[in-house]
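Dear colleague,

I am passing on the structure below, and after it I set out what was found when it was examined. Please read the notes with the model open beside them.

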Amino acid sequence: MGFLITTLIFLVVGIIASLCVRICCNRGPSTNLLHLTLVITATICCWMMWAIVYIAQVNPLIVPILSETE
């Protein structure tokens with residue numbers, strides 16, 4: 001459930017940031033495309049970093065070994 005909710009939050013933040021770039025940085029078609037590409041790329045990279053860390057914590061590669069004396 002947390003993965004889906006946070007993914008939707010990243011999607012909403014990406015859409016809001018894209019709209020802000022379109023409104024605030026209106027300097028020409030190629031500059032607008034560059035700014036929009038940078039915002040979308042940054043949003044996807046941040047989401048991927050979060051998703052990799054989240055999945056690594058859900059299913060760790062190294063499993064702790066419990067001894068019977070503890």
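In this predicted model, the largest pocket has a volume of about 180 Å³. Its lining is made up of Thr7, Phe10, Leu11, Gly14, Ile15, Ser18, Val39, Ile40, Thr43, Ile44 and Trp47, and these residues divide into 7 nonpolar and 4 polar, with no charged residue among them. Two helices, α1 (2-24) and α2 (29-58), each supply at least two residues of that lining, and α1 gives the most, with 6 residues.

Two annotations from UniProt, both from an unreviewed entry, can be set against the model. The record lists residues 32-56 as "transmembrane region", and in the model this span is 100% helix and 0% strand, with its end C-alpha atoms 36 Å apart. The record also places a "signal peptide" at residues 1-17, a span that is 94% helix and 0% strand and whose end C-alpha atoms lie 25 Å apart.

As for the cysteines, a search of the whole structure finds 0 disulfides. Why is Cys24 not bonded to Cys20, which holds the closest cysteine sulfur? The two sulfur atoms are 5.6 Å apart, which is too far for a bond, given that a disulfide requires a pair of cysteine sulfur atoms within 2.5 Å. Cys24 counts as exposed, at 63% relative accessibility. For Cys46 the closest cysteine sulfur is that of Cys45, at 7.1 Å, again too far for a bond, and Cys46 counts as partly exposed, at 45% relative accessibility.

With best regards

Note on methods:
Residues numbered from 1 in each chain as written. Predicted model: local features only at pLDDT ≥ 70, side-chain atom pairs only at ≥ 80, totals over all residues. Heavy atoms only, no water. 1 Å grid on protein atoms, 1.4 Å probe; cavity = no way out; pocket = protein on both sides within 12 Å on 5 of 7 lines; lining within 4 Å. Points joined across faces, edges and corners; volume = space filled by probe spheres on them. Helix = DSSP H or I, 4+ residues; strand = E, 2+ residues; numbered from the N terminus. Nonpolar A, V, L, I, M, F, W, Y, C, P; charged D, E, K, R; others polar. UniProt positions renumbered as here; feature names shortened; annotations may be inferred. Buried < 20%, exposed > 50% of the residue type's maximum accessible area, 1.4 Å probe, protein only.
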